[in-house]
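Open the structure in your viewer and colour it by chain. The tour below says what to select at each stop and what is found there.

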Amino acid sequence: MSSMTRRRLLERSLALGAAAVLPGVLAGKAVAQTSRRDLTVAQGGDVAKLDPHFSTSSNDIRVSFNIFDNLTSRHPDGKLYPGLATEWKRTAPTTWTFKLRRGVKWHNGDPFTSADAKFSIERTYDPTVKTLVSTALATIDRIEAPDPSSLVIVTKQPDPLLPARLAFYGGQIVPRKYLETVGADAFNAKPVGTGPVRFVSWVKDDKLVLEANADYWGGKTNVDRVVFRAIPDTAPRIAALLKGEVDIITQLPPDHLERVTGNPGTTAKGALYAGLYVLAVNSKRPPLDNPLVKQALSLGIDRATLVKELWRGRGIVPNSMIAKGDNHYDASLPPFVYNPGEARERLKRAGYRNEEIIIEVAEGYLAVTKPASEAIASMLSEIGVNAKVEVIEYSVRAQRIREKAFKGLWWSDPTSTLGDPDGMFWRLLGPGGPQDYWRHPRFDELGQAARFSVDEKFRGEAYREMTKIFLEHLPWIPIVQPYEDYGLQKFVDWTPNPNQQFEVRRFNLKLQRG
Amino acid sequence: MASSIPAPVPADTLLAIPPAASLRRRGRIPWPVTCGLAFLAALVITAVMAPWVAPYDPVRQSLRARLAPPTLAAGDGRVHLLGTDHLGRDVLSRVIHGGRVSLVVGFAAVVVGGLVGATLGILAGFQGGWIDTVVMTLADAQLAFPFILLAIGIIAVLGPSFPTLVVVIGLSGWVAYTRVLRSQVLVLRTREFVDAIRGLGGSPLRVILGHVLPNVLSSLVVIATLELGRAIVLEATLGFLGLGIQPPTPSWGGMIHEGREYLDSAWWISTFPGLVLMLTSLVVSRTGDWFRDVLDPTLRGE
Amino acid sequence: MRALVVFLGLRLLRALIALWLVSTVVFVVMRLSGDPTPLLLPPDAPHAEILRLRTELGLDRPLPVQYLAFLASLLRGDFGRSIHFREPAARVVLGYLPATLELGLAAFLLASLIALPVGLLSAVRRNTWIDHVVMTGALVGQAAPTFFLGIVFILVLSLQAGLLPTSGRGEWRHLVLPALTLGAFAMASIARLTRSAVLEVLRADYIRTARAKGVPEALVVIKHTLRNAALPIVTITALQFGTLLGGAVVTETVFSWPGMGRLAVQSIYNRDYPVVQCAVFLSALVFIVLNFCVDLLYGLLDPRARPR
């Protein structure tokens, strides 16, 4: 090698070396880095179904939104972005027209067309298929696919929220040809989507392996592989993060936040949950049929202390049934008040005769709700309520939901699926909804009207009036709007999504590499 | 616990329990057993006197004093010798009251199991024939069944209430009593005096009460003691799985369950009830072993 | 010999009946535990769909009919389809079986490998501190509740010392703590057994004979110990394996070990009857078979254990 080239080589390597060190030096402290090209995520529960239309469990959703794309996509910033649809417009009062992305391929090489979108959406509410998301897109009347890259959706009534509906569960697009060829069971075992990662393997209770889709229309993900593992117990899950065995953990309870942030290699990130944690009420059961009793219960709960002590400040006290961040959230309303004296008054006025009021909580379903139940029961005892906590199993809870047979109060975490009250309280508390224990004619009238109105001002008025009715009758007793926290290795650059989706696409996930 | 094979247990143990014969001669109880019995007595007394012995109300929450380590001044300004749990409740008080639950459930379960098992055993031994076969087959089935799953299944159905727990835990152990009673009855059945009594017109029941029971009493004591230890552990195991006596009532298993999440931050929540549980189990089974050596060495292997 | 055959024949009959009883109990308990359909359909599914699903799963028929169908398919070896996994139940259960077997085997190996030499040492150094430590350990191992032992191991060896993984299954390091926990009882029992067997041997005449002859004592001790202790140790091991599923439930839960025990528990919560029925049946079968083998072994080897 001539001296010229040797010097060149030296210069080059020096320059490269400096370039590697310099950013860290300039930043003034060591930047966490890795050379790895894979990401391991530990969830609190195992994946159960890979077919996106057969599960609404967050453990499954985190995976399915990455194997599959939706027509529209809700990013962590809360806005709607193009997904498999590049443009959409309401071309008639009940008609939405979508322009679909060209050149997209399924993971098995088949081309994506409007026929797939039509098939997929119709599948969700097809009575012979019996999906678990059959009501998500129930406002749709019919779908037309005039050409391979356009889709026309006609709704039963004017539906301004359709694009938002398509962004959430039920709106994942599945391949018609592949599904029809292999059948639903095989599809669930080996799913094929258009998403940024493709399915590789799944060993139950062990791990789910996904690899990057190199041809993804949104650009290849920053990592080559994403692995999902389940570590149901909290202490081992956090330990796995602290030891570096996993890169991201979900369901980080507030009590353990400091351990993660205090550890040199890890940090925590949270998103304000797009929804609320509430005590739903079986308003059919006395004494909970009496609004005064429910108001008393609400006044007797010291939410601020609960948030401060049990949630370690990682949450806000709600002011109504509309979550902060949703359309028509009224920031001028004060948060729910704690007034034990007034609570006792109302109990007396209601003629409360020490009937038992039961709080049902499922073990391990929602973080912090079990201790919160006990704390609330204790608070209610102090205002003279005969409150009891009953811990029930998850399957019993599911049964009670189905049979509408809760004994009194139970925990619910209604998610705002559309960023709008229609997709949150109205979806659940509306007539025929899963939490239909209480009806009020004016409330119902307003809810229906607001769903199908395109006049945002009118909707705002309607929701304001509904809020007043809600606060008087309290079919829910909202408790907290928590931050949902995740633990991460410091070299993981990722933002959580308020609606519990887990975004690995290029725009949201990056590993700092050295 | 095979059906016909005696499982061996070493005759010689560290704690040098002298053979029965020499014991009866000397009439002295070895010191480890005395300690154990004293511990048990203390446990029972504390359990009975719990409301007076425990420093605080075990269900009293104090959200400002959550997760406090053993300390002289927690967030609520009070002394918590064993710390507080995730709702600020005093661990020591809860351990003391938890002892009540464990002992009550344990004793009740032993009574239930004993009654069922003894009845079946006497029946099987006395009547013989197909009743005997039925009972022994039931015993086989019971032993073959992974009982913990049955317990989980039943409690998941019926809910974890005190009666359910007592019955389930009690029924997990009837086989031991049945075996012993059955073999005692069989032994006595061959003796002439039973036939003689029958011949004289006495009732079989009188025979049982008069002759069988006194002879099996010592065996029953041994089995009951060993079963008590097992019942306490089973109750705690179910509590650990979330299927025991429900909060806010404290139980050792339940406390260990609640503290599991905080194992590496607030370890005292799980550890103290666990240590007491372990000690109790140790002492009870040791005492049962000693009873066996003293009262009825033929039981060795059951 | 003929008496032996008759005896074994009767035992076989009893074993089959026991198996049938076990299956029936599982059936009854699971059916009484409630409906799995709410877990499978969205909360707002119309009633007609619930009925349709129940028909599809065969849950709408009267209970005795379902029971007979269950027995019939049992005889065919068909355990039905898992409600939760939507696969044949037998396939699901057998998929989880290797993990439990791995755990059981490791527990046994660990127990024996540690207990035998430790018991020997303890006997040879009788009444010294080693003996005291070992026997106290054995006491604890036999009396300590399994789940708490596991918790302590996790706390001390994993979370505090960082030596071993806290949960899950992966490489050999994941196996250590669960195997220690599961094998603790057997380890304690075998240690005590070995100790007393060795003590007996040391007292016996053939030791003096060996010394007189100049044969190395160690060899004699080991040979005779093994001969005396072998059968009881085999018995303990066989029993341990027999109750492996039931015994492993707690350990697998504590360590989130993906084995049959944990599967059975999850399936109870999911009301997944076919899986629970299959897992329990398999477990009972293993127990009964192993017991039968041990009976056979004793029947052949030890005339004292034969029935009168």
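A residue counts as buried when its relative accessible area is under 20%, as exposed when it is over 50%, and as partly exposed in between. Select C:Cys293: its relative accessibility is 41%, so this cysteine counts as partly exposed. Then select B:Cys35, which is also partly exposed, at 46% relative accessibility. Over all chains, the count of disulfides is zero. The model is a predicted one.

**Stop 1: chains A and B**

Show chains A and B together. Here 22 residues of chain A are in contact with 20 residues of chain B. The area buried between chain A and chain B is about 1700 Å², and carbon and sulfur atoms give 49% of that area. Between these two chains there are four salt bridges and eight residue pairs in polar contact.

Now colour the elements of chain A that give two or more residues to the side touching chain B: α6 (234-242), α9 (303-310), α11 (369-382) and β16 (386-392). Which of the elements gives the most to this side of chain A? It is α11(A), with six residues. By residue type, the side of chain A that touches chain B divides into nine nonpolar, four polar and nine charged residues.

**Stop 2: a salt bridge across the A-B interface**

Select A:Glu374 and B:Arg89 and show their side chains. The two form a salt bridge, with the closest N and O atoms 2.7 Å apart. The pair crosses between chains: A:Glu374 is in helix α11 of chain A, while B:Arg89 lies in the loop between α3 (50-53) and α4 (91-127) of chain B. Are these two residues buried or exposed? A:Glu374 has 4% relative accessibility and so counts as buried. B:Arg89, at 0%, counts as buried too.

Extend the selection to B:Asp85, B:Arg94 and B:Glu258. Salt bridges that share partners join these residues with A:Glu374 and B:Arg89 into one network.

**Stop 3: helix α12 of chain A**

Select residues 394-403 of chain A, which make up helix α12. How many of its 10 residues are buried? The number is eight, and the helix is mostly covered. The buried residues are A:Ser395, A:Val396, A:Arg397, A:Ala398, A:Gln399, A:Arg400, A:Ile401 and A:Arg402.

To see what covers the buried residues of α12(A), show elements from two chains. In chain A, the cover includes β15 (356-362), β16 and β17 (409-412). From chain C, the cover includes α2 (37-40), α3 (47-56) and α12 (260-269). Just after the helix, stop at A:Lys404, where phi is positive, near 50 degrees.

One residue of the helix deserves its own selection. Show A:Arg400 with A:Glu360: their side chains meet in a salt bridge, 2.7 Å from N to O. This pair links distant parts of the chain, with A:Glu360 in strand β15 and A:Arg400 in helix α12, 40 residues apart. Both A:Glu360 and A:Arg400 are buried.

**Stop 4: a salt bridge between sequence neighbours**

Select A:Lys308 and A:Glu309. They form a salt bridge whose closest N and O atoms are 3.5 Å apart. A:Lys308 is exposed, because its relative accessible area is 58%. A:Glu309 counts as buried, because its relative accessibility is 15%. Over all chains, the structure holds 52 salt bridges.

**Stop 5: chains B and C**

Hide chain A and keep chains B and C. The contact takes 49 residues from chain B and 55 from chain C. About 4700 Å² is buried between chain B and chain C, 77% of it on carbon and sulfur atoms.

The count of salt bridges between chain B and chain C is one. To find it, select C:Arg14 and B:Asp140, whose side chains meet at 3.0 Å, N to O. Four residue pairs are in polar contact across this interface.

Finish by colouring the elements of chain B that give two or more residues to the side touching chain C: α5 (129-144), α6 (147-158), α10 (204-240) and α12 (268-295). Of these, α12(B) gives the most, with 10 residues. The residues on this side of chain B divide into 33 nonpolar, 11 polar and five charged.

Key:
Residues numbered from 1 in each chain as written. Chains lettered and ligands numbered in written order. Predicted model: local features only at pLDDT ≥ 70, side-chain atom pairs only at ≥ 80, totals over all residues. Heavy atoms only, no water. Contact = heavy atoms within 4.5 Å. Buried area = accessible area lost by both parts, 1.4 Å probe. Polar contact = N/O pair within 3.5 Å; in protein donor to acceptor, adjacent residues only side chain to side chain. Helix = DSSP H or I, 4+ residues; strand = E, 2+ residues; numbered from the N terminus. Nonpolar A, V, L, I, M, F, W, Y, C, P; charged D, E, K, R; others polar. Buried < 20%, exposed > 50% of the residue type's maximum accessible area, 1.4 Å probe, protein only. Disulfide = S-S within 2.5 Å.
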